[in-house]
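The following explanation is intended for a reader who meets this structure for the first time. Please keep the sequence and the model in view while reading.

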Amino acid sequence: MQIDAELGEETAEAGAAPVRSLRDTAYEVLKQRIIMCVFRPGEALSEAQVASSLGLGRTPVRQAFDRLMRDGLVEVLPRKGIIVRPISADEVRHMVEVRLLNEGFCARLAAERADGATLAALADNVRRGGQAAAERDVAAAMALDRAFHATISAAAGNPVLGDILKNLHERAQRVWFVSLRDAGHHARVVDEHAAIVSALTARDGDGAEEATRAHILSFAANITRQL
């Protein structure tokens with residue numbers, strides 16, 4: 001099935017429990033298509049057409065749309081129905097404000113607490129990010145970017161802060177995709193990540209926070225140019 005290919009799911013063996021519910025399958029596929037801008041910001045979506053394209057019934061698709069609405073990825077407008085929520089300058093500004101406050105502090109903590117294995121994983125992430133940038137592989141770059149920030153979040157050793165950043169990063173994925181389509185910014189992200197890793201390795205809390213804030217501001221400037 002097409003949805004299996006998109007999710008990379010393995011089919012459950014005969015008699016085994018399903019890998020995921022139809023509702024969850026619909027949710028994950030739709031979320032991925034919105035994040036990757038297959039469904040463009042402002043595009044109207046038909047419940048019936050989406051259900052048909054996924055080979056699913058309308059009930060799990062309707063339930064998936066309810067979850068996506070709570071995620072802030074779709075909205076219902078009078079006479080238009082369900083649309084992909086547009087990306088606004090205000091939304092980007094709000095994300096950047098929260099990221100500057102929380103991720104800078106997270107990097108400072110990680111500079112104190114990250115172990116050698118974490119630092120090695122981050123360095124490897126930067127190396128693979130360089131390969132993705134050279135190949136213009138936006139999907140791989142997005143996955144590496146999420147892993148990079150999740151690793152630093154875990155290294156900070158503060159689960160409350162980690163939950164805040166996890167929610168923020170999930171909301172920001174669609175905006176990251178738009179930003180990473182710019183080839184120049186794609187390469188800059190790798191350099192900015194390398195600067196963060198350098199500061200973390202040196203146990204330089206001030207430098208790690210400064211490099212993280214510079215990375216976030218660079219993202220903000222790039223996405224603002226594209227909106």
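**Two helices and their setting**

In this predicted model, helix α7 passes helix α9 in a left-handed crossing. The contact draws on Val138, Ala141, Asp145, Phe148, His149 and Ile152 from α7, and on His186, Val189, His193, Ile196, Val197 and Leu200 from α9. Sorted by character, the residues of this contact comprise 8 nonpolar, 3 polar and 1 charged.

How may such a pair be described? Two packed helices are characterised by the angle between their axes and by the distance between those axes. Here, α7 covers residues 138–155 and α9 covers residues 183–201. Their axes come within 12 Å and cross at roughly 20°. Angles under 35 degrees count as roughly parallel, and α7 and α9 are therefore roughly parallel to each other.

The pair belongs to a protein that contains 10 helices and 3 strands. Followed from the N terminus, the order of these elements is α-α-β-α-α-β-β-α-α-α-α-α-α.

The chain as a whole may be considered next. Of the 227 residues in the protein, 45% are buried. Where contacts link residues at least 6 apart in sequence, 74% of them join residues at least 24 apart. The protein exposes about 11500 Å², and carbon and sulfur atoms supply 52% of that area.

Conventions. Residues are numbered from 1 along each chain as its sequence is written. This is a predicted model: local features need pLDDT of at least 70, side-chain atom pairs count only at pLDDT 80 or more; totals for chains, interfaces and linings use all residues. Side-chain values use heavy atoms; hydrogens and water are left out. Axes are lines fitted to C-alpha atoms, for helices over the stretch in contact, and angles run from 0 to 180 degrees between N-to-C directions. Helices (H or I, at least four residues) and strands (E, at least two) are DSSP runs, numbered from the N terminus. Angles under 35 degrees count as roughly parallel, over 145 as roughly antiparallel, 65 to 115 as roughly perpendicular and the rest as oblique. A crossing is left-handed if the near helix is turned anticlockwise from the far one by less than a right angle, and right-handed if clockwise. Contact means heavy atoms within 4.5 Å. Ala, Val, Leu, Ile, Met, Phe, Trp, Tyr, Cys and Pro count as nonpolar, Asp, Glu, Lys and Arg as charged, and the others, Gly among them, as polar. Buried means under 20% relative accessible area, exposed over 50%, partly exposed in between (1.4 Å probe, protein chains only). Accessible areas come from the Shrake-Rupley method with a 1.4 Å probe; for residues, only the protein chains shown count as cover.
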